[in-house]
Amino acid sequence: MTRNYEGKACLKERVLKFTRWYGHDHERSEDAVVRYWRRPDVPGDTPCGQCGEIMDLHGWLDTGGDGQRVCPGDYVVTNGVQTVPVKAAVFERLFAVVE
């Protein structure tokens, strides 16, 4: 399994923090921001409609309201106020990694 990594990226002259998320670090119960995906109405072996991986491999961001799923390989970007998952292709098109 590929390890999660962290860095900084800039968008329009503003530096934002990000984590490239490949799954939970099983040495810890849950990552600092991304929680385990668990929903009683969606079995863990259900394929994801966005990436095709089973849902047990996914994470969850508590973003208010219904929250957001995090697929393996997504970037988790924060500006200090808001944290959102960003698909790799979108991140690589919009951001330039600075560290």
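Which side chains does a polar contact of 3.2 Å join? In this predicted model, the contact is made between the side chains of D74 and K87. D74 is placed in the loop between β5 and β6, and with a relative accessibility of 4% this aspartate counts as buried. A polar atom of the D74 side chain also lies 2.9 Å from the backbone nitrogen of C71. When residues up to four places away in sequence are left aside, the residues touched by D74 are T19, R20, W21, R69, P85, V86 and K87, so that K87 appears both among these neighbours and as the partner in the side-chain polar contact.

C71, whose backbone nitrogen is approached by the side chain of D74, is itself buried, with a relative accessible area of 1%. The cysteine sulfur closest to that of C71 belongs to C51 and is 3.8 Å away, which is too far for a bond. A disulfide is, in general, a covalent bond between the sulfur atoms of two cysteines. With a cut-off of 2.5 Å between sulfur atoms, the count of disulfides in the model comes to zero, and C51 accordingly takes part in none, the sulfur of C71 being the nearest cysteine sulfur to it. In contrast to the buried C71, C51 counts as partly exposed, at 36% relative accessibility.

The strands β3, β4 and β5 form an open sheet, arranged in the order β3-β4-β5 and paired in antiparallel fashion. The edges of this sheet are taken by β3 (35-36) and β5 (68-70), and because each of them has a single partner strand, one side of each is left without a neighbour in the sheet. Strands of a sheet pair through backbone hydrogen bonds, and such pairing may be either parallel or antiparallel. Between β4, which covers residues 59-61, and β5, the antiparallel pairing comprises three bridges, and in one of the pairings L61 has Q68 of β5 as its bridge partner.

Aromatic side chains form a further set of contacts, with five aromatic pairs counted in the model. In the pair of F18 and F91, the ring centres are 5.0 Å apart and the planes stand at 55°, so the arrangement is classed as tilted. This pair links distant parts of the chain, since F18 belongs to strand β2 (residues 14-20) and F91 to helix α1 (residues 88-94), 73 residues apart. F18 and F91 are both buried. In the pair of W37 and W60, the ring centres are 5.3 Å apart and the planes stand at 65°, so this pair is edge-to-face. Because W37 lies in the loop between β3 and β4 whereas W60 lies in strand β4, the pair ties together parts that are 23 residues apart in sequence. W37 and W60 are likewise buried.

Ring pairs also connect F18 and F91 with Y75 and F95, so that the four residues are linked into a cluster. These aromatic residues recur in the largest nonpolar core, which has nine residues in all: A9, L16, F18, Y75, V77, V86, A88, F91 and F95. Two or more residues of this core are contributed by each of the elements β2, β6 (75-78) and α1. V86, a member of the core, is also one of the residues touched by D74.

Methods:
Residues are numbered from 1 along each chain as its sequence is written. This is a predicted model: local features need pLDDT of at least 70, side-chain atom pairs count only at pLDDT 80 or more; totals for chains, interfaces and linings use all residues. Side-chain values use heavy atoms; hydrogens and water are left out. Two strands pair if DSSP finds at least two bridges between them. Helices (H or I, at least four residues) and strands (E, at least two) are DSSP runs, numbered from the N terminus. Rings of Phe, Tyr and Trp (its six-membered ring) pair if their centres lie within 6.5 Å; planes under 30 degrees apart count as stacked, over 60 as edge-to-face and the rest as tilted. Buried means under 20% relative accessible area, exposed over 50%, partly exposed in between (1.4 Å probe, protein chains only). A nonpolar core is a set of buried Ala, Val, Leu, Ile, Met, Phe, Trp, Tyr and Cys residues joined through side-chain atoms within 4.5 Å. A polar contact is a pair of N or O atoms within 3.5 Å; within protein, one must be able to donate a hydrogen and the other to accept it, and residues adjacent in sequence count only if both atoms are side-chain atoms. Contact means heavy atoms within 4.5 Å.
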